[in-house]
Amino acid sequence: MNGMDEHQRLVEAVAAAVVEVGDLLRRWRTDAEVCSGVWEGSQFKARADAMAHRALGERLAAIDPRTPVISEEDPASLARKRPPRYWLIDPIDGTASYVHGFSGYVTQAALVVGDRPEVAAVHAPESKTLYTAVRGGGARRNGLALSALAPCPPGEGVLTDNTPEPRGIARRVHDHFGYSAYLESGSISLKLCRIAEGAAHLFVKDVPVRDWDMAAPELILSEVGGRAVRLDGGDFGYRGPWEHTGLVAAADPATCHRIAQWATL
């Protein structure tokens, strides 16, 4: 079996895994205990995070027990040196949405080989939407191929963020570049997927962003011609530190770099 065939087999398996965990999350959220938790800095950690970590980790281990799982919810895995090949998962991206009854959360996994994601699956349980990608093999939404994205200069298209109206750096981008259309969306991953499917065109954030937030949706976005970079314009290299400051994601790579350049002035 060649590399592309192997990755196609893996994307089908990991897609089934995130869908199963997404179904569990929808059932669990009716239990107040599952949605209880504590704040750790700026992030809320619910019991559901740990439960989803175990459920997804078990399914990925069944796919290939030789490939380790690195997870936001497993600090020990983050403390070790990155292996040459691993699953990088975010069991719930958008925990705040999850515990407060909103739909903007996902469960996701990416197979990282060396310093780049090769296989990705993102599942939005409330809308029953599944995004998948294989490097060099394109991206799909619910099994249908996503089209290549068209050029979209700064100020054109739809700006997205997770608030009812643009705030913070999103407001500054909105006002400076003259965006007239705006889409409220949920988790970081979901916003990148909305760009990949053409519903939005630009997302800018100046808060800490971690590799597990980015690996799966960045591959999906890049496979349709979009681009995501750190706020300073650098790549997410999936090596070294797990955390970065901010991001810019856009349907148009030229716009992505133009916004990042403006943000660092």
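A salt bridge is a side-chain nitrogen of Lys or Arg within 4 Å of a carboxyl oxygen of Asp or Glu. In this predicted model, D161 and K205 form such a pair, with their closest N and O atoms 3.0 Å apart. D161 belongs to strand β10 (residues 158-161) and K205 to strand β12 (residues 202-210), so the salt bridge ties together parts that lie 44 residues apart in sequence. Both residues of this pair, D161 and K205, are buried.

The wider setting comes next. The protein is built from nine helices and 14 strands. Its radius of gyration is 17 Å, close to the 18 Å that the globule rule gives for 265 residues, so the protein is as compact as a globular protein of that length. The C-alpha trace spans about 50 × 45 × 35 Å along its principal axes. Of the 265 residues, 54% are buried. Among contacts with a separation of 6 or more, 61% are made by residues 24 or more positions apart. The surface that the protein exposes comes to about 11400 Å², and carbon and sulfur atoms supply 52% of that area.

Charge can be followed through the whole structure and then residue by residue. The protein carries 29 positive and 34 negative side chains, and the centres of these two sets lie 1 Å apart. How many salt bridges does a search of the whole structure find? The search finds 19, and the pair D161 and K205 is one of the salt bridges in the model.

Another salt bridge joins the side chains of R116 and E118, at 2.7 Å from N to O. Are R116 and E118 buried or partly exposed? R116 has a relative accessibility of 41% and therefore counts as partly exposed. E118, at 9% relative accessibility, counts as buried, because buried means under 20%.

D232 and R230 also form a salt bridge, and their closest N and O atoms are 3.1 Å apart. D232 counts as partly exposed, with a relative accessibility of 48%. R230 counts as partly exposed at 22% relative accessibility. Salt bridges can also link up into a network, as they do for R26, R29 and E126.

E218 presents another case. This residue is found in helix α8, which covers residues 211-222. Which side chain of opposite charge is nearest to E218, and how far away is it? The nearest is R227, at 4.6 Å. A salt bridge needs a nitrogen within 4 Å of a carboxyl oxygen, and E218, although buried, has no salt bridge. Leaving aside neighbours within four places in sequence, E218 is in contact with L192, A228, F236 and Y238.

The last residue to look at is K45, in strand β2 (residues 43-46). At 13% relative accessibility, K45 counts as buried, since the cut-off for that class is under 20%. K45 and L130 are 85 residues apart along the chain, and their C-alpha atoms are separated by 24 Å.

Conventions. Residues are numbered from 1 along each chain as its sequence is written. This is a predicted model: local features need pLDDT of at least 70, side-chain atom pairs count only at pLDDT 80 or more; totals for chains, interfaces and linings use all residues. Side-chain values use heavy atoms; hydrogens and water are left out. Helices (H or I, at least four residues) and strands (E, at least two) are DSSP runs, numbered from the N terminus. The radius of gyration is taken over C-alpha atoms; the globule rule is 2.2 Å times the number of residues to the power 0.38. Buried means under 20% relative accessible area, exposed over 50%, partly exposed in between (1.4 Å probe, protein chains only). Contact means heavy atoms within 4.5 Å. Accessible areas come from the Shrake-Rupley method with a 1.4 Å probe; for residues, only the protein chains shown count as cover. Lys and Arg count as positive and Asp and Glu as negative; His and the chain ends are not counted. The place of a charge is taken as NZ of Lys, CZ of Arg, CG of Asp or CD of Glu.
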